[in-house]
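Visitor: I have a structure open and a few quick questions. Can you walk me through it?
Guide: Sure, go ahead.

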Amino acid sequence: MYWGAAHGLAGIMHVLMDMELNLEEQELVKGTLYYLINNRIPSGGSESDRLVHWCHGAPGVALTLSKAAKVIACWIYILF
């Protein structure tokens, strides 16, 4: 699985959060982000975990989830 920033799911989500999305698209992005969170490596990152580098894993996901916290808060603010 490619989840990282360079050529993976986190990178795609990062770019999509810069787009102007309608409510349905926002929900799809949020659902995908929840998928990333819920399917993380069970160990939380042990030495045996291999996909923790920029292009495939952890650093890209961390950046994307940090951005998501800000963007989703803005989406909620705009609704109300």
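Visitor: Which residues of helix 2 are buried?
Guide: In this predicted model, the buried residues of helix 2 are Gln26, Val29, Lys30, Leu33 and Leu36.

Visitor: Where do they sit when you look down the axis of helix 2?
Guide: They line one face of the helix, because they fall within an arc of 110° seen down the axis.

Visitor: And what exposed residues are on the face turned away from that buried side?
Guide: That face of helix 2 carries Glu24, Leu28 and Asn38, which are exposed.

Visitor: How many residues does helix 2 have, and how far does it reach?
Guide: Helix 2 has 16 residues. From its first C-alpha to its last it reaches 22 Å, close to the 22 Å expected at 1.5 Å a residue.

Visitor: What goes on at the start of helix 2?
Guide: A side-chain oxygen of Asn22 comes to within 3.0 Å of the backbone nitrogen of Glu24 there.

Visitor: Back to the buried ones. Why does Lys30 count as buried?
Guide: Its relative accessibility is 14%. The cut-off for buried is under 20%, so Lys30 falls on the buried side.

Visitor: What does Lys30 touch, leaving out residues up to four places away in sequence?
Guide: Lys30 touches Ile72 and Trp75. Closer along the chain, Lys30 also forms a salt bridge with Glu27.

Visitor: How far apart are the atoms in that salt bridge?
Guide: The closest N and O atoms of Lys30 and Glu27 are 2.8 Å apart. Both residues lie in helix 2, three residues apart, which is about one turn of the helix.

Visitor: Is Glu27 buried or exposed?
Guide: In between. Glu27 is partly exposed, with a relative accessible area of 47%.

Visitor: How many salt bridges are there in the whole structure?
Guide: Two. One of them joins Lys67 and Asp18, with the closest N and O atoms 2.8 Å apart.

Visitor: Where do Lys67 and Asp18 lie?
Guide: Lys67 is in helix 3, and Asp18 is in the loop between helix 1 and helix 2. They are 49 residues apart in sequence, so the pair ties together distant parts of the chain.

Visitor: Why would such side chains pair up at all?
Guide: Side chains of opposite charge can pair when their charged atoms come close.

Visitor: Are those two partners buried or exposed?
Guide: One of each. Lys67 counts as buried, at 14% relative accessibility. Asp18 counts as exposed, at 57%.

Visitor: What else is in contact with Lys67, beyond neighbours within four places?
Guide: Lys67 is in contact with His14 and Met17, as well as Asp18.

Visitor: New topic: the nonpolar core. Which residues touch the most other members of the largest one?
Guide: Met17, Val29, Leu33, Ala68, Ile72 and Trp75. That core has 13 residues.

Visitor: Which elements give two or more residues to it?
Guide: Helix 1 (9-16), helix 2 (23-38) and helix 3 (58-79) do. Helix 3 gives the largest share, five residues.

Visitor: Why do nonpolar side chains end up in one place?
Guide: In soluble globular proteins, nonpolar side chains tend to be buried together.

Visitor: Pick one core residue. What does Val29 touch, not counting residues up to four places away?
Guide: Val29 touches Met13, Leu16, Met17, Leu21 and Trp75.

Visitor: Now the fold. How many helices and strands are there?
Guide: Three helices and zero strands. From the N terminus on, the elements run α-α-α.

Visitor: And what share of the protein counts as buried?
Guide: Of its 80 residues, 30% count as buried.

Visitor: Do the contacts link distant parts of the chain, and what share?
Guide: Take contacts between residues at least 6 apart in sequence. Of these, 67% join residues at least 24 apart.

Visitor: What about Gly4, buried or exposed?
Guide: Gly4 is buried, with a relative accessible area of 0%. Gly4 is found in the segment before helix 1. The C-alpha atoms of Gly4 and Ala62 are separated by 9.1 Å, and these residues are 58 residues apart along the chain.

Visitor: Last one: where is Leu63?
Guide: Leu63 lies in helix 3. At 44% relative accessibility, Leu63 counts as partly exposed. Its C-alpha atom and that of Gly11 are separated by 9.1 Å, with the two residues 52 apart along the chain.

Note on methods:
Residues numbered from 1 in each chain as written. Predicted model: local features only at pLDDT ≥ 70, side-chain atom pairs only at ≥ 80, totals over all residues. Heavy atoms only, no water. Core = buried A, V, L, I, M, F, W, Y, C linked by side-chain atoms within 4.5 Å. Buried < 20%, exposed > 50% of the residue type's maximum accessible area, 1.4 Å probe, protein only. Helix = DSSP H or I, 4+ residues; strand = E, 2+ residues; numbered from the N terminus. Contact = heavy atoms within 4.5 Å. Expected span 1.5 Å × (residues − 1). Arc of directions from axis to C-beta. Polar contact = N/O pair within 3.5 Å; in protein donor to acceptor, adjacent residues only side chain to side chain. Salt bridge = Lys/Arg side-chain N within 4 Å of Asp/Glu carboxyl O.
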